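Visitor: I would like to understand the terms used for this structure, and what lies behind each one. Could you take me through it?
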Amino acid sequence: MIKKALCALPIVLAMTAGAVASANQAPEDILDALAAKTKSPYLTQSPQNRMMMPDNPSYDVAEDGGKLFKQKRGPKNASLEQCDFGKGPGVLKGAYVELPRYFADAGKVMDLESRLVHCMKTLQGFTSDDPQIKRRHGSDTDIMKLMTYVAIQSNGMAWNPSMKHPQEKAMRDAGEVLFYRRSGSMDFNCATCHTNDAGARIRASVLPTIKSKEEWTKAVSWPAHRVGHEHTRSSQHRVLECLWQMRYPNIKPDSDVNIALISYWTDVARGQPAILPDLKR
Amino acid sequence: MFKKTSIAAVIAATTSMALVLGGCAAPGADKTAAPAKPDYGKMSPQALAEHLVFESGSYDLQQPTQEGTTGRHRLVQDETMKICSEAAMKGGQIDAKTSERINKLAAATVKYPEGGIKLGDWKKGRDLAWSGFGFRTAHNPDDHGKGAPGANCYNCHQLATDRTGGSLGPSLTGYGKLRGNSPEMLKYTYDVIYNPHVYFACANMPRLGANGVLTQQQIADVMAYLFDPASPVNK
């Protein structure tokens with residue numbers, strides 16, 4: 001359902017957003033164009049996954065999210081329709097590709113997930129202990145459904161995280177330091193695995209490299225359906241998975257290390273079209 | 001009155017110092033109550049990054065690790081890590097002097113087996129080389145009671161050709177056959193596995209011996225996998 005509706009949107013989007021030409025393309029067509037341009041081993045590593053993209057299970061997750069978004073819920077019996085993701089209350093088109101950004105009402109830089117949680121608390125009255133907020137990571141969670149719904153309304157638009165507020169720049173720059181900061185039992189930083197020449201692999205998995213903007217835009221295009229997990233996953237979930245491989249301690253949801261890393265990785269993809277929803281290994 | 005304000009001033013001064021120094025604070029500093037959040041926009045990227053790691057509540061610093069320490073220890077950097085992180089951010093280039101310094105620090109970490117370097121059991125070495133289990137923590141800690149930690153070699157290297165290895169490091173296929181097993185070659189290989197920075201400053205290979213991931217016996221087994229003529233690596 002939602003897929004059809006979104007396919008009708010793009011004409012308006014392309015004009016209003018001044019976005020890249022891919023704003024009226026399906027996610028698989030955006031990927032094809034990037035792959036044709038670069039012949040990247042990462043972008044072309046799974047023809048099976050490419051074939052599944054038109055029927056991406058994340059579309060259903062987004063559809064559920066749309067219903068939840070409009071539903072009056074929580075102690076305050078309110079919907080999320082007044083949530084401000086940075087472009088004004090209720091504006092979802094193109095909001096995600098400009099995140100993370102600074103929000104004056106919270107006094108901090110927030111990514112999509114933390115902003116959504118903020119709105120669920122302030123508008124709907126949920127608390128951190130409510131399952132609606134507490135349960136993360138999985139297609140069956142409210143957070144994942146809502147995030148997917150909001151995010152895919154930026155499909156094809158160019159990543160353009162805001163850098164106007166000093167805190168936005170500070171978080172991006174600290175994220176860069178964190179990306180290169182080695183520690184843990186294996187001396188890993190993110191760069192160990194993500195700054196190689198294109199095509200480098202951990203075992204059979206082809207690693208995306210920040211040296212290729214075309215590869216990197218796919219790498220940071222979350223939410224994505226993870227075929228291996230049979231779940232739609234978020235940016236913060238990917239951070240968690242890589243930290244686990246790195247032998248780092250557990251990271252808390254919505255924490256500033258998450259947001260700094262995501263600020264940096266989104267900035268690296270600046271100007272490239274977002275693939276939303278994506279489908280990954 | 002005067003006294004009161006001067007105390008207030010001192011407190012203010014120390015707090016702002018604590019904020020400035022927050023990034024460089026020694027491990028353990030998080031035991032005191034969380035100070036007011038500093039202005040991120042006014043901190044250097046390095047100071048903010050350190051603040052985020054140790055003071056922002058992002059990581060579970062108390063999480064128990066398999067080696068009996070806490071999450072905090074996994075995040076503290078030694079000199080090698082610090083130098084190599086800075087170098088990586090600048091594109092990975094290090095000058096000859098820094099490179100020598102790293103080599104020297106690394107050489108001092110290597111501990112050799114009492115009876116000299118010997119080859120162990122290549123079959124055990126093969127399992128170790130393949131296994132990526134061990135020391136992972138985060139949301140799903142590896143239980144070392146359920147199995148010994150592995151050596152991760154296949155994550156980054158092609159070894160025998162019956163399995164797919166990674167390509168972050170060079171191919172080691174035919175290692176012993178191509179290089180022979182002279183005492184110099186054995187020592188070189190032991191050093192690289194123990195601490196690759198002895199020869200390759202700021203290598204992307206983990207310091208598996210120096211970091212306590214592998215025991216001397218396990219290194220001997222992995223080395224047998226590399227050198228033994230019967231090992232699939234040399235077939």
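Visitor: How far apart do the C-alpha centres of domain 1 and domain 2 of chain B lie?

Guide: Happily, and do keep in mind that this is a predicted model. The two C-alpha centres lie 32 Å apart. Domain 1 of chain B covers 7–18 + 33–89, and domain 2 of chain B covers 96–234, according to the domain assignment.

Visitor: What makes up the contact between domain 1 and domain 2 of chain B?

Guide: Domain 1 of chain B brings 12 residues and domain 2 of chain B brings 14. Together the two domains bury about 1,000 Å² between them, with carbon and sulfur atoms giving 55% of that area. On the side of domain 1 of chain B, 47% of the buried area comes from B:Q63, B:Q66 and B:T80, more than from any other three residues.

Visitor: Why is the pair B:R101 and B:E79 called a salt bridge?

Guide: The cut-off for a nitrogen of Lys or Arg and a carboxyl oxygen of Asp or Glu is within 4 Å. The side chains of B:R101 and B:E79 meet at 2.8 Å, N to O, so the pair qualifies. Between domain 1 and domain 2 of chain B there are two salt bridges, along with six residue pairs in polar contact. Helix α4 of chain B, residues 79–89, gives the most to the domain 1 side of this interface, with five residues. That side of domain 1 of chain B divides into four nonpolar, four polar and four charged residues.

Visitor: Why is B:A87 called buried?

Guide: B:A87 has a relative accessible area of 8%, and buried means under 20%, so the term fits. B:A87 lies in helix α4 of chain B. Leaving aside residues up to four places away in sequence, B:A87 touches B:G92, B:Q93 and B:I94. B:A87 and B:A203 are 116 residues apart in sequence, while their C-alpha atoms are 11 Å apart in space.

Visitor: What makes helix α6 of chain A mostly covered?

Guide: Nine of the 11 residues of α6(A), which spans residues 112–122, are buried. Among them are A:L112, A:L116, A:V117 and A:M120, as well as A:E113 and A:R115. The elements covering these buried residues include α8 (142–151), α12 (235–245) and α13 (256–268) of chain A.

Visitor: How many residues of chain A are in contact with chain B, and what area is buried between the two chains?

Guide: The contact joins 43 residues of chain A to 58 residues of chain B. The buried area is about 4,400 Å², and carbon and sulfur atoms give 58% of it. A:R182, A:R203 and A:W244 lose the most area to chain B on the chain A side, together 19% of what that side buries.

Visitor: How do you know that A:R181 and B:E50 meet in a salt bridge?

Guide: Their side chains meet at 2.8 Å, N to O, and the limit is within 4 Å, so the term applies here too. The count between chain A and chain B is two salt bridges, and 29 residue pairs are in polar contact across that interface.

Visitor: Which element gives the largest share of the side of chain A that touches chain B?

Guide: That is α9(A), with 10 residues. By residue class, the side of chain A that touches chain B divides into 21 nonpolar, 11 polar and 11 charged.

Note on methods
Residues numbered from 1 in each chain as written. Chains lettered and ligands numbered in written order. Predicted model: local features only at pLDDT ≥ 70, side-chain atom pairs only at ≥ 80, totals over all residues. Heavy atoms only, no water. Domains from an automatic or database assignment. Contact = heavy atoms within 4.5 Å. Buried area = accessible area lost by both parts, 1.4 Å probe. Polar contact = N/O pair within 3.5 Å; in protein donor to acceptor, adjacent residues only side chain to side chain. Helix = DSSP H or I, 4+ residues; strand = E, 2+ residues; numbered from the N terminus. Nonpolar A, V, L, I, M, F, W, Y, C, P; charged D, E, K, R; others polar. Buried < 20%, exposed > 50% of the residue type's maximum accessible area, 1.4 Å probe, protein only.
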